[in-house]
Every structure is written in structure tokens, then in C-alpha cells.
Amino acid sequence: QDHQLELQRCHADYQHRMQRMETTRCEVLQELQAELEERLTQQSRAFERTQAQAQAAASSHAAELQQQLHATQEQLRLARGELAAALEAAAAAAAKQAAELESVRQELVQSQRTEQQQQQQ
């Protein structure tokens with residue numbers, strides 16, 4: 001009977017140790033899970049920060065490009081205005097020169113007529 005009690009005590013001790021091991025194993029697994037969840041949360045936050053920074057940089061770059069485009073368009077508009085004014089001035093100068101040339105031509109024709117008339121007399 002002592003042998004039977006010893007066996008029961010050993011069996012109870014074994015079961016108690018197995019239960020403690022299982023409890024410890026569960027606790028370790030829970031700690032690992034909590035640690036992994038924390039790491040995942042940190043990585044998610046880091047990713048979100050990186051993504052937000054990238055979006056901010058892209059938005060800033062897009063705004064800068066938009067500003068450059070508007071500046072270029074304004075320069076082009078001003079250059080077109082200057083070109084149109086220069087063309088008008090050139091056309092006016094050409095018209096003036098043409099008028100002067102026509103006046104010189106008429107004077108020359110008049111002078112030739114006068115000379116011919118004088119030679120005929």
C-alpha cells in the first residue's frame with residue numbers, strides 16, 4: 001500500500017509539474033505574442049510616418065512644379081506681349097521706311113520729268 005501511495009504521489013507530482021510547464025509555456029507564448037504585436041504596431045506606425053512624409057514631399061514637389069509652371073506661363077505671356085510690341089514697332093518702322101522710299105521715288109520721278117522737260121526746251 002505504501003508503494004501504491006508513492007505511485008499516486010509521484011503521479012500527482014508529475015501532473016502538477018506538467019500543469020506548471022503548460023502554464024509557463026502559455027505565459028511565454030502570451031509574452032511572445034504581446035512582443036510581436038508591439039513590434040508590428042511600431043512597424044505600422046513607422047510605415048505610416050514614412051508614407052505621410054513621402055506624401056508630404058510629393059505634395060510639396062507638385063506644388064513647387066505647379067508654381068514653376070505658372071511662373072513659366074507668365075514669362076511666356078510677357079514674352080509674347082513684348083514680341084507683339086516689337087513686331088508692331090518693326091511694322092510701323094517698315095511702313096515709315098516704305099513711305100519715305102515712296103517719297104524719295106516720287107521726288108526722283110519728278111526730278112527726272114523736270115530734267116526731261118528742261119532738255120526738251
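Here is a walk through this structure, from its overall shape down to a few side chains. Keep in mind as you look that this is a predicted model.

Let's start with the big picture. The protein chain has one helix and zero strands. With a radius of gyration of 51 Å, well over the 14 Å that the globule rule gives for 121 residues, the chain is more spread out than a compact globule. You can see that in its dimensions too: along the principal axes, the C-alpha trace spans about 175 × 15 × 5 Å. The helix itself, helix 1, takes in residues 2-120.

Now, how much of this chain is buried? Of its 121 residues, 0% count as buried. To count as buried, a residue needs under 20% relative accessible area. The accessible surface of the whole chain comes to about 11,300 Å², and 54% of that surface belongs to carbon and sulfur atoms.

One spot to look for on that surface is a nonpolar patch, formed by Y14, M18 and M21. Together these residues offer about 330 Å² of accessible area. Zoom in on M21, which lies in helix 1. M21 has a relative accessible area of 53%, so it counts as exposed, because the cut-off for that word is over 50%.

Next, have a look at two cysteines. C10 is partly exposed, with a relative accessible area of 39%, and C26 is partly exposed as well, at 33% relative accessibility. Are there disulfides to find, and how many? A search of the whole structure turns up zero.

What about charged side chains? The count of salt bridges comes to six, and we can visit some of them, moving along the helix. One of them links E22 with R25, whose closest N and O atoms are 2.8 Å apart. Where do these partners sit? Both lie in helix 1, three residues apart, which is about one turn of the helix. E22 is partly exposed, with a relative accessible area of 37%, and R25 is partly exposed too, at 45%.

Further along the chain, E74 and R77 bring their side chains together in another salt bridge, at 2.5 Å from N to O. Since R77 and E74 are three residues apart in helix 1, about one helical turn separates them. At 49% relative accessibility, R77 counts as partly exposed; a residue has to be over 50% to be called exposed, so R77 falls on the other side of that cut-off. Its partner E74 is partly exposed as well, with a relative accessible area of 35%.

Our last stop is R105, which forms a salt bridge with E102. Here the closest N and O atoms are 2.6 Å apart. Again the partners are three residues apart in helix 1, so about one helical turn lies between R105 and E102. R105 is partly exposed at 44% relative accessibility, and E102 is partly exposed with a relative accessible area of 31%.

So what picture should you take away? The chain has one helix and zero strands, and 0% of its residues count as buried. Along the helix you can find a nonpolar patch that includes M21, as well as salt bridges such as the one between E22 and R25, with both partners in helix 1.

Notes: Residues numbered from 1 in each chain as written. Predicted model: local features only at pLDDT ≥ 70, side-chain atom pairs only at ≥ 80, totals over all residues. Heavy atoms only, no water. Patch = residues over 30% accessible without salt bridge, like charges linked within 9 Å, V, L, I, M, F, W, Y side chains within 5 Å. Areas by Shrake-Rupley, 256 points an atom, 1.4 Å probe, with all protein chains shown as cover. Salt bridge = Lys/Arg side-chain N within 4 Å of Asp/Glu carboxyl O. Helix = DSSP H or I, 4+ residues; strand = E, 2+ residues; numbered from the N terminus. Buried < 20%, exposed > 50% of the residue type's maximum accessible area, 1.4 Å probe, protein only. Disulfide = S-S within 2.5 Å. Rg over C-alpha atoms; globule rule 2.2 N^0.38 Å.
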